[in-house]
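I opened my notebook to look up a few spots in this structure, one at a time. Come along and check each entry against the picture.

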Amino acid sequence: MAAAISLAKELNDMHALVLALYEAGILGHFEDNPAEVECLASDLIELSTRQNFATWLPGGAILRGWARSASGDTAEGISWIEDGIRDYRAIGSMLDMPFLLALKAQALHLADRTSEALEVIREAEALAERFEQRCWCAELHRLRGVFLATLGADETQIEASFGEAIRIAREQKSVSLEKRAEASLAEYRKRKADR
């Protein structure tokens, strides 16, 4: 991603640069690197504002909100995310909405609002089905499993959520999402055994 950002700057291609910054922010999220995501979101917001890229500005706000939440400032982070989602909907864009809602759900979970986070996951899943945007379904099922485990839900529901995440990731040949779901399942089972 650093090479893509560098090349876009070298070519002075602002459209390529804004896309590279956004995708790098998503990757930073999956690497659980809030400091990197915060930096990329700042650059994304600044560039989008300067170039009047209204489509990308909400994504920058949402990424910033996730970074702030993951860094411990959940109130400010959730506010950034909610504003970004509102603006994203206002421009009529829905393509990444399941992923962006997953970021909101994670922030709510970090703020000890896990029941609300589950509601957001349900909304994200409904949108993924409605718009046939299924690339995030494995992650949504994984998050459902994490949230259900936090709430002390029925073991079969928790295992089923993780199992579905793994199945979907394998079906989509997404090694990273498969490993992420497997790690979450292993962590859940370890905690259960420790109890």
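**Entry 1: a glycine to begin with**

Before I list any neighbours, I note that a contact means heavy atoms within 4.5 Å. I also note that the model I am looking at is predicted.

I started with G77, which lies in helix α5. Which residues does G77 touch, if I do not count residues up to four places away in sequence? I found G65, R68 and S69. I then looked up how open G77 is, and its relative accessible area is 0%. The cut-off for buried is under 20%, so G77 counts as buried. I also checked G77 against R64: they are 13 residues apart along the chain, and their C-alpha atoms are separated by 7.1 Å.

**Entry 2: α4 beside α5**

My next stop was the pair of helices around that glycine. I reminded myself that two packed helices are described by the angle between their axes and the distance between the axes. For α4 and α5 (residues 74-90), I read an angle of about 160° and axes 7 Å apart. An angle over 145 degrees counts as roughly antiparallel, so that is how α4 runs relative to α5. Their crossing is left-handed.

Where do α4 and α5 meet? On the α4 side I noted residues including A61, R64, G65, R68 and S69. On the α5 side I noted G77, W80, I81 and G84 among them.

R64 and W80 caught my eye again here. R64 lies over the face of W80, at 4.7 Å from the ring centre.

**Entry 3: α3 beside α4**

I moved to the other partner I had for α4. Helix α3 covers residues 34-51 and helix α4 covers residues 57-70. They pack at an angle of about 155°, and their axes are 8 Å apart. That angle makes α3 roughly antiparallel to α4. I looked up the handedness too, and the crossing of α3 and α4 is left-handed.

From α3, the residues that meet α4 include V37, A41, L44, I45 and S48. From α4, I wrote down L57, G60, L63, R64 and A67 among those that meet α3. R64 is therefore on my list for α3 as well as on my list for α5.

**Entry 4: a valine in α2**

V18 is found in helix α2 (residues 14-30). Is V18 buried or exposed? V18 is buried, because its relative accessible area is just 1%, and buried means under 20%. Leaving aside neighbours within four places in sequence, V18 is in contact with L44, L47, S48, F53 and W56. L44 and S48 are names I had already met in α3. For a look across the model, I checked V18 against A138: they are 120 residues apart along the chain, with 26 Å between their C-alpha atoms.

**Entry 5: two unusual backbone angles**

I wanted to see where the backbone does something less common. Most residues other than glycine have a negative phi, and most peptide bonds are trans.

N52 has a positive phi of about 60° and is not a glycine. I found N52 in the loop between α3 and α4. With 65% relative accessibility, N52 counts as exposed.

D112 also has a positive phi of about 60° without being a glycine. Its place is in the loop between α6 (97-110) and α7 (114-130). D112 has a relative accessible area of 72%, so I marked D112 as exposed.

**Entry 6: α6 beside α7**

Since D112 sits in the loop between these helices, I looked up how they pack. The axes of α6 and α7 come within 8 Å and cross at roughly 175°. I therefore wrote them down as roughly antiparallel to each other. Among the α6 residues in the meeting are L101, A105 and L108, and among the α7 ones are V120, I121 and A124.

**Entry 7: last lookups**

I168 has its place in helix α9 (residues 155-171) and counts as buried at 8% relative accessibility. Not counting residues up to four places away in sequence, I168 touches C137, A138 and H141.

E178 lies in helix α10 (residues 175-194). E178 is buried, with a relative accessible area of 16%. Leaving aside neighbours within four places in sequence, E178 is in contact with I166, A169 and R170.

Finally, I counted aromatic pairs, and the structure holds 5. F30, F99 and W136 form one aromatic cluster.

Technical notes
Residues numbered from 1 in each chain as written. Predicted model: local features only at pLDDT ≥ 70, side-chain atom pairs only at ≥ 80, totals over all residues. Heavy atoms only, no water. Helix = DSSP H or I, 4+ residues; strand = E, 2+ residues; numbered from the N terminus. Buried < 20%, exposed > 50% of the residue type's maximum accessible area, 1.4 Å probe, protein only. Phe/Tyr/Trp six-rings, centres within 6.5 Å; stacked < 30°, edge-to-face > 60°. Lys NZ or Arg CZ within 6 Å of the ring centre and 35° of its normal. Axes fitted to C-alpha atoms, helices over the stretch in contact; angles between N-to-C directions. Parallel < 35°, antiparallel > 145°, perpendicular 65-115°, else oblique. Left-handed = near helix turned anticlockwise from the far one by under 90°.
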